[in-house]
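User: Hey, I've got this model open and I'm a bit lost. Can you walk me through it?

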Amino acid sequence: EYTPREVSIQGQVKNPGRYPMPIEQTMSVLELVTRAQGFTDTAKGTAVSVTRINPDGTKEIFTVDVESFIKGKAKGKASDSSQVLLPGDIVYVPERFI
């Protein structure tokens, strides 16, 4: 049996929670947002953060502009390495302040 491969998404998405990753396939931040039924009306999709705990215990945090990928304005592809999630990653979508 495989160990569960999950990622979680919190914050301003319509259905936050833990999501299983497909076995032997990758998942991008954009695909996870889509699985979570998209952003709420107050989401700041230009500053989605991904927190990753590396095997050596160090923490890595990076920011992804998912909104640009949705609108087709991003340079690069949703499958680029900065977009690809690993099991255990935590994605957080902050609230946009008007």
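Analyst: Sure, let's start with a pair of residues: aspartate 89 is buried, and arginine 52 is buried too. Keep in mind that this is a predicted model.

User: How do the side chains of aspartate 89 and arginine 52 meet?

Analyst: They meet in a salt bridge, with 2.7 Å from N to O. Aspartate 89 sits in the loop between helix H2 (66–71) and E5, while arginine 52 is in strand E3, so the pair ties together parts that are 37 residues apart in sequence.

User: Why does arginine 52 count as buried?

Analyst: Its relative accessibility is 11%, and buried means under 20%. So arginine 52 makes the cut.

User: What does the side chain of arginine 52 reach at 3.1 Å?

Analyst: That would be the backbone oxygen of valine 84. If you skip the neighbours within four places in sequence, arginine 52 is in contact with Thr58, Lys59, Glu60, Phe62, Val84, Leu85, Leu86 and Asp89.

User: And the strand around it? How many residues of E3 are buried?

Analyst: Five of the six, so E3 is mostly covered.

User: Which strands does E3 pair with?

Analyst: One is strand E4 (residues 59–64): E3 (residues 48–53) pairs with it in the antiparallel sense over six bridges. Another is strand E5 (residues 90–93), where the pairing is also antiparallel and runs over three bridges.

User: Can you give me some residues to click on?

Analyst: Try threonine 51, whose bridge partner in E4 is isoleucine 61. Valine 50 has phenylalanine 62 as its bridge partner in E4. Over in E5, the partner of serine 49 is tyrosine 92.

User: What about the hairpin of E3 and E4? How many residues are between the strands?

Analyst: There are five residues between them, and glycine 57 takes a positive phi near 90 degrees in that hairpin.

User: OK, zooming out. In what order do the strands sit in the sheet?

Analyst: The order is E2-E1-E5-E3-E4, and these five strands form an open sheet with mixed pairing. Strand E2 (17–20) and E4 stand at the edges with a single partner strand each, so one side of each has no neighbour in the sheet. From one strand to the next, the twist averages 20 degrees.

User: Remind me, what does a strand pair through in general?

Analyst: Strands of a sheet pair through backbone hydrogen bonds, either parallel or antiparallel.

User: And how many helices and strands does the protein have?

Analyst: Two helices and five strands. Reading from the N terminus, the elements go β-β-α-β-β-α-β.

User: Back to salt bridges. How many are there?

Analyst: The structure holds two. You've met the one between aspartate 89 and arginine 52. There is also one between arginine 18 and glutamate 6, where the closest N and O atoms are 2.6 Å apart. Arginine 18 is in strand E2 and glutamate 6 in strand E1 (residues 6–11), so this pair ties together parts that are twelve residues apart in sequence.

User: Is arginine 18 buried or exposed?

Analyst: Exposed, because its relative accessibility is 61% and the cut-off for exposed is over 50%. Glutamate 6 is partly exposed, with a relative accessible area of 28%.

User: New topic: backbone angles. Which residues other than glycine have a positive phi?

Analyst: Two to look at are glutamate 24, with phi near 60 degrees, and glutamine 37, with phi near 70 degrees.

User: Where do glutamate 24 and glutamine 37 lie?

Analyst: Glutamate 24 is in the loop between E2 and helix H1 (29–35), and glutamine 37 is in the loop between H1 and E3. Glutamate 24 also counts as exposed, at 69% relative accessibility.

User: Last bit, the whole protein. What percentage of the 98 residues is buried?

Analyst: Buried residues make up 37%. The protein exposes about 6300 Å², and carbon and sulfur atoms supply 51% of that.

User: And what share of the contacts with a separation of 6 or more comes from residues 24 or more positions apart?

Analyst: That share is 53%. The salt bridge of aspartate 89 and arginine 52 is a nice place to look again, with parts 37 residues apart in sequence tied together.

How values were computed. Residues numbered from 1 in each chain as written. Predicted model: local features only at pLDDT ≥ 70, side-chain atom pairs only at ≥ 80, totals over all residues. Heavy atoms only, no water. Pairing = 2+ DSSP bridges. Helix = DSSP H or I, 4+ residues; strand = E, 2+ residues; numbered from the N terminus. Buried < 20%, exposed > 50% of the residue type's maximum accessible area, 1.4 Å probe, protein only. Polar contact = N/O pair within 3.5 Å; in protein donor to acceptor, adjacent residues only side chain to side chain. Contact = heavy atoms within 4.5 Å. Axes fitted to C-alpha atoms, helices over the stretch in contact; angles between N-to-C directions. Areas by Shrake-Rupley, 256 points an atom, 1.4 Å probe, with all protein chains shown as cover. Salt bridge = Lys/Arg side-chain N within 4 Å of Asp/Glu carboxyl O.
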